[in-house]
Amino acid sequence: MAKANANLSKKQAQLRKKREKHVANKLKQNLRPRTAHKKWYTTSFKRAATKQTPSQPLYSKKSVDKVHTMSKYDIFQHPISSNQIMRMIEENNTIVFAVSRAATKREIKAAFKAMYDSDVATVRTLIRPDGQKTAYIKVTDSAVEVANKIGLV
């Protein structure tokens, strides 16, 4: 019986040493200085910028590219003239046209240059409440001369 108690006490001593070692390691880990958390000074979170690679699709998304078939004659419907617009022609070098609703500013500029052989500074568009689109075309040359070509003045 004494021999059995001696074996148990040796095993208990080994287990106790093992536990003590484990507890000592845990204490060492807790004694390490912890890194401080980052302080946030704003309430909103901004995600860090990441690299965005351009997509390289295996096939095109459209089978046929869209072709705009509007000619220069389809873009302009008619010039608009009134007393106020005549003053705009003389003072601001601006001519006003009723244009197609589907026409873009670039198309209006290119069509005006092709039809009337004059350079365009800017094109401003307006869609009126009745649904008609109006283009205010500012010309770099004299707008009076261009209006004469059109037949406004």
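Let's start with a pair of strands: S3 and strand S4 (residues 133–139) run antiparallel and are joined by 7 bridges. Keep in mind that you're looking at a predicted model. From that pair we can work outwards to the rest of the sheet, the helices packed on it, the nonpolar core and a couple of salt bridges.

**The sheet**
- Across the S3–S4 pair, Thr 122 sits opposite Lys 138 in S4.
- Zoom out and you get an open sheet of 4 strands, in the order S1-S2-S4-S3, with antiparallel pairing.
- Strand S1 (76–79) and strand S3 (120–127) are the edge strands, so to speak: each one pairs on one side only, by the rule that a pair needs at least two bridges.
- On average, neighbouring strands of this sheet are turned by 30° against each other, ignoring direction.

**Helices on the sheet**
- Helix H3 (residues 83–92) packs on the sheet and touches strand S2 (94–99), S3 and S4. The direction of H3 makes about 135° with that of S2.
- Helix H4 (residues 105–116) also packs on the sheet, touching S1, S2, S3 and S4. The direction of H4 makes about 125° with that of S3.

**The nonpolar core**
- In soluble globular proteins, nonpolar side chains tend to be buried together.
- Here, the largest nonpolar core has 25 residues, and the ones touching the most other members are Phe 76, Ile 95, Phe 97, Ile 108, Phe 112 and Ile 137.
- H3, S2, H4, S3, S4 and helix H5 (143–150) each supply at least two residues of this core.
- S2 gives the most, with 5 residues.
- Take Ile 95 as an example: leaving aside neighbours within four places in sequence, its contacts include Ile 89, Phe 112, Ile 137, Val 146 and Leu 152.

**Salt bridges**
- Side chains of opposite charge can pair when their charged atoms come close.
- The structure holds 2 salt bridges.
- One links the side chains of Lys 113 and Asp 119, at 3.6 Å from N to O. Lys 113 is partly exposed, with a relative accessible area of 47%, and Asp 119 is partly exposed too, at 38%.
- Another joins Arg 128 to Asp 130, with the closest N and O atoms 3.0 Å apart. Arg 128 is partly exposed at 30% relative accessible area, while Asp 130 counts as exposed because its 55% is over the 50% cut-off.

**Out along helix H1**
- Gln 14 is found in helix H1 (residues 2–31).
- Gln 14 is exposed, with a relative accessible area of 57%.
- From Gln 14 to Ala 102 is 88 residues in sequence and 90 Å in space, C-alpha to C-alpha.

Methods
Residues are numbered from 1 along each chain as its sequence is written. This is a predicted model: local features need pLDDT of at least 70, side-chain atom pairs count only at pLDDT 80 or more; totals for chains, interfaces and linings use all residues. Side-chain values use heavy atoms; hydrogens and water are left out. Buried means under 20% relative accessible area, exposed over 50%, partly exposed in between (1.4 Å probe, protein chains only). Axes are lines fitted to C-alpha atoms, for helices over the stretch in contact, and angles run from 0 to 180 degrees between N-to-C directions. Contact means heavy atoms within 4.5 Å. A nonpolar core is a set of buried Ala, Val, Leu, Ile, Met, Phe, Trp, Tyr and Cys residues joined through side-chain atoms within 4.5 Å. A salt bridge is a side-chain nitrogen of Lys or Arg within 4 Å of a carboxyl oxygen of Asp or Glu.
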